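Biologist: Please take a close look at the charged side-chain pairs of this model, and set them against the chain as a whole and a few individual residues elsewhere in it.

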Amino acid sequence: MQTHELNDLIRIYRDGLLLDTVPFWQKHSPDREFGGFFTLLDADGTVVGGDKPIWIQGRATWLFSTLYDTVEAKDEWLGLARHGIDFLTRHAFDTDGRMFYSVTRNGSPLRKRRYLFSEAFAAMAYAAYGKAAQSDAAMDRADEIFRLMLRYHTTPGLLEPKIIPATRQLKGISMPMILLGVSQVLRLYRDKPLYREVANDSIAQIRDHFLKPDFRALLENVGLNGEFLDEPVGRMINPGHAIEVAWFILEEARLSGGSAELINLGLQILDWSLDWGWDDVFGGIIYFRDCRNLPCEQYEHDMKLWWPHNEAIYGTLLAYHLSGDIKYLRWHRKVHDWAYAHFPDRQHGEWFGYLHCDGSISSRFKGNMWKGPFHLPRMQLNCWKLLEEIKHGRA
């Protein structure tokens, strides 16, 4: 990478984060009356609904805490982080210690699901806020939530099964993926043996159960011991998830001192997932694929969503940094150029989230029950910081 290109990319990611993405959410998302963050936003930031997904409340709180801790100690960022923590503490937890999936605008419980994603992002939020606010109590709360996640995940019967276990038993890659990612965040603030154990176990499951060399793919769902199920649910590839898993593993290599084994594993998953995901006709990353190249059952299978592109932009840059292989720099330019040509909203700021296969806009939503201030600003922050690291290393 040439020095001028390095500086140009730093500017794109840093300024995109600080002058576009974060200001959009700072202006439109905080609910000053009832607390927490609005996420149902039209293209110009107009609030189109008041219901609040808890996992995005955690994500927003993590973002503002992390910005305060790693970018600049701005009072506004810490205030917004506290704003999120207060809403989570008051409204997000049920009497059994678990968390709701969504609440109404004023915090009344609306929906509770069998998944543990609200808890995952709450653990990240409390940990990051604990560091930003120098609060041991918040860090302790993060640890409690993480341990509760593990108990519900590993204790049969505590969570309602998605399908009837006597007929079929499946597990999804989402749990080892999210446990790996959350354990890495927690270790940034408190390094406990449990967090390392969970990370190691998650990677072992990903490698031994979900990675299928016969298909050169990382599958979304397998049997309890990694068995392949030749049904649409068992043949499913989500390239965005797989790319995110790949860079989590590469990040684990960095945390563990540059393990060649982990780097090779992460690069293999990244290679296969980019091959499956890239659309050779229109460009961009396809949402779902079938590992036998059969039709996908998801009606949105060929859409282009913002977050797989965010994960691929950072994942390929990290792969280039750790391997030195120029092909990952080429992939980074390819994904970056397509994403920045199609997703950004030049009029109102931030990114559209949902495109048709040909790259045209499918929905004006800037935020909804799934899209919030997370994947895009995390990518921008991670790319900016990694490029500064590369630049500093050169100097």
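Modeller: A contact, in what follows, means heavy atoms within 4.5 Å. With that in hand, and bearing in mind that the model is predicted, one can say that 64% of the contacts in the chain with a separation of 6 or more come from residues 24 or more positions apart. The chain is built from 13 helices and 14 strands. Its radius of gyration is 20 Å, close to the 21 Å that the globule rule gives for 395 residues, so the chain is as compact as a globular protein of that length. The C-alpha trace spans about 60 × 50 × 45 Å along its principal axes, and 59% of the 395 residues are buried. The accessible surface of the chain amounts to about 16,500 Å², with 49% of that area belonging to carbon and sulfur atoms.

Now to the charges themselves. The chain carries 46 positive and 51 negative charges, and the mean positions of these two sets lie 1 Å apart. Side chains of opposite charge can pair when their charged atoms come close, and a search of the whole structure finds 29 salt bridges.

One of them joins the side chains of Arg105 and Asp31, with a nitrogen-to-oxygen distance of 2.8 Å. This pair links distant parts of the chain, since Arg105 sits in the loop between β4 (102-103) and β5 (109-111) while Asp31 sits in the loop between α1 (3-28) and β1 (40-41), 74 residues apart. The two partners fall into separate accessibility classes: Arg105 counts as partly exposed because its relative accessibility is 29%, whereas Asp31, at 1%, counts as buried because the limit for that class is under 20%.

A further salt bridge is formed by the side chains of Glu252 and Arg187, at 2.9 Å from N to O. Here too distant parts of the chain are linked, with Glu252 in helix α9 (residues 239-255) and Arg187 in helix α6 (residues 174-189), 65 residues apart. In this pair Glu252 is buried, and so is Arg187.

The side chains of Asp230 and Arg235 also meet in a salt bridge, at 3.0 Å from N to O. Asp230 is partly exposed, with a relative accessible area of 39%, while Arg235, at 9% relative accessibility, counts as buried. Returning to the pair of Arg105 and Asp31, salt bridges that share partners join Asp31, Glu33, Lys52 and Arg105 into one network.

Two residues deserve a separate check for their backbone angles. Most residues other than glycine have a negative phi. Arg216, however, has a positive phi near 50° although it is not a glycine. This residue is placed in the loop between β7 (211-212) and β8 (217-218), and with a relative accessible area of 48% it is partly exposed. Asn293, likewise a residue other than glycine, has a positive phi of about 60°. Asn293 is found in the loop between β11 (289-290) and β12 (304-305), and at 55% relative accessibility it counts as exposed.

Helix α12 (residues 326-342) offers a last point of comparison, and Trp331 lies in it. At 17% relative accessibility Trp331 counts as buried, because the cut-off for that class is under 20%. Leaving aside residues up to four places away in sequence, Trp331 touches Leu274, Asp275, Trp278 and Thr316. The C-alpha atoms of Trp331 and Asp271 are separated by 9.8 Å, although these residues are 60 residues apart along the chain. Ala341 lies in helix α12 as well, but it is exposed, with a relative accessible area of 55%. From Ala341 to Gly359 the C-alpha to C-alpha distance is 9.1 Å, with their positions 18 residues apart in sequence counted as the separation.

To gather the charged pairs together once more, the bridge of Arg105 with Asp31 connects two loops, the bridge of Glu252 with Arg187 connects helices α9 and α6, and the bridge of Asp230 with Arg235 brings together a partly exposed acid and a buried arginine.

Definitions and conventions:
Residues are numbered from 1 along each chain as its sequence is written. This is a predicted model: local features need pLDDT of at least 70, side-chain atom pairs count only at pLDDT 80 or more; totals for chains, interfaces and linings use all residues. Side-chain values use heavy atoms; hydrogens and water are left out. A salt bridge is a side-chain nitrogen of Lys or Arg within 4 Å of a carboxyl oxygen of Asp or Glu. Helices (H or I, at least four residues) and strands (E, at least two) are DSSP runs, numbered from the N terminus. Buried means under 20% relative accessible area, exposed over 50%, partly exposed in between (1.4 Å probe, protein chains only). The radius of gyration is taken over C-alpha atoms; the globule rule is 2.2 Å times the number of residues to the power 0.38. Accessible areas come from the Shrake-Rupley method with a 1.4 Å probe; for residues, only the protein chains shown count as cover. Lys and Arg count as positive and Asp and Glu as negative; His and the chain ends are not counted. The place of a charge is taken as NZ of Lys, CZ of Arg, CG of Asp or CD of Glu.
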